[in-house]
Amino acid sequence: MIRILTNIRSLYVCPESGGQSEVGRIDKAALAWGKEGIVWVGPEAEIPPHFSISEVIDAHGAIVIPGLVDCHTHLAFAGWRTDEFEQRCLGVDYRQIGANGGGILRTVRMTREANENELFERAGRFLDQMVLLGITAVECKSGYGLTVEDELKLLRVYKRLGESRPVRLVSTFLGAHAIPQEYRDDRVGYVNLVCEEMIPRVAAEKLTSFCDVFVEEGAFTAAE
């Protein structure tokens, strides 16, 4: 059975040919979908007559667009750093903020103190707001744990969110986000921890298919 969304003022599609600037607008449109997903889009006057329609939904003249993709987020974390954002706006260098105890490691400290359920509830509220903005796919990185168990904790949150929300989550393991305080005098030791302990545990639990590294001054080098 097919459901149809009608009375769409303008429907935008991604045409198979052409560049991103070609938005493929269809005015006075309709959209049909079934169990297998979207099966037809086009002018409302051209709805295929053979459709076995189970429900017609009125869009009330709204605009319909493809779902938005947020391709780089750190969805699960604890605490806020809005004061640092203000400092950046006033010209304070990010590295200086980090040297003063802020930056990534400040969030790491707060995230380690939060349990999995707390992070799940908080990230879930963020994700619900993102869905209301039209975002239907989210890439979400770990990287605020920087211990084996805390990185797994973040990735487990993403797995649970993906199972409980109508949105596609693509998680990325980012254990190499920063050198944690306890390894500040042993960079090699931390890189080995990521490669020899974190990645195998993440892979064993099938928590993600992607791995990222923050290559930047003050973070990791390409060689590392």
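The legends below describe close-up views of a predicted model.

**View A. Helix 5 and the elements that surround its buried residues.**
Helix 5 covers residues 148-164, and its 17 residues should span 24 Å at 1.5 Å a residue, which agrees with the 25 Å that lie between its end C-alpha atoms. Its buried residues are Val148, Asp150, Glu151, Leu152, Lys153, Leu154, Leu155, Val157, Tyr158 and Leu161. These buried residues pack against helix 3 (104-113), helix 4 (116-132), strand 7 (135-141), strand 8 (168-176) and helix 6 (187-204).

**View B. Helix 4 and its packing partners.**
The end C-alpha atoms of helix 4 are 24 Å apart, in agreement with the 24 Å that its 17 residues should span at 1.5 Å a residue. Leu119, Phe120, Arg122, Ala123, Gly124, Leu127 and Met130 are the buried residues of this helix, and they pack against strand 6, helix 3, strand 7, helix 5 and strand 8. As a general point, an α-helix has 3.6 residues a turn, so residues three or four places apart point the same way.

**View C. A salt bridge between helix 4 and helix 5.**
Glu116 forms a salt bridge with Arg160, and the closest N and O atoms of the two are 3.1 Å apart. Because Glu116 belongs to helix 4 and Arg160 to helix 5, the pair ties together parts that are 44 residues apart in sequence. Both residues count as partly exposed, Glu116 with a relative accessible area of 23% and Arg160 at 27% relative accessibility.

**View D. The salt bridge between Glu182 and Arg112.**
The side chains of Glu182 and Arg112 meet with an N to O distance of 2.8 Å. Glu182 lies in the loop between strand 8 and helix 6, whereas Arg112 lies in helix 3, so this salt bridge ties together parts that are 70 residues apart in sequence. Glu182 is partly exposed, with a relative accessible area of 46%, and Arg112 is also partly exposed, with a relative accessible area of 26%.

**View E. The salt bridge between Lys141 and Asp212.**
In this pair the side chains meet at 2.7 Å, N to O. Lys141 lies in strand 7 and Asp212 in strand 9 (residues 210-213), so the pair ties together parts that are 71 residues apart in sequence. Lys141 is buried, with a relative accessible area of 5%, whereas Asp212 is partly exposed, with a relative accessible area of 26%.

**View F. A network of salt bridges that includes Arg81 and Arg106.**
Arg81, Asp83, Glu84 and Arg106 are linked to one another in a network of salt bridges. A search of the whole structure finds 15 salt bridges. In general, side chains of opposite charge can pair when their charged atoms come close.

**View G. The hairpin that joins strand 2 to strand 3.**
Strand 2 (residues 25-34) pairs with strand 3 (residues 37-43) in the antiparallel sense, over 6 bridges. The hairpin passes from strand 2 to strand 3 through 2 residues, and Gly34 stands opposite Gly37 in strand 3.

**View H. A nonpolar surface patch that includes Ile65.**
Ile63, Ile65 and Leu68 make a nonpolar patch of about 260 Å² on the surface. Ile65 is found in the loop between strand 5 (63-64) and strand 6 (68-73), and at 49% relative accessibility Ile65 counts as partly exposed.

How values were computed. Residues numbered from 1 in each chain as written. Predicted model: local features only at pLDDT ≥ 70, side-chain atom pairs only at ≥ 80, totals over all residues. Heavy atoms only, no water. Patch = residues over 30% accessible without salt bridge, like charges linked within 9 Å, V, L, I, M, F, W, Y side chains within 5 Å. Areas by Shrake-Rupley, 256 points an atom, 1.4 Å probe, with all protein chains shown as cover. Salt bridge = Lys/Arg side-chain N within 4 Å of Asp/Glu carboxyl O. Helix = DSSP H or I, 4+ residues; strand = E, 2+ residues; numbered from the N terminus. Buried < 20%, exposed > 50% of the residue type's maximum accessible area, 1.4 Å probe, protein only. Expected span 1.5 Å × (residues − 1). Contact = heavy atoms within 4.5 Å. Pairing = 2+ DSSP bridges.
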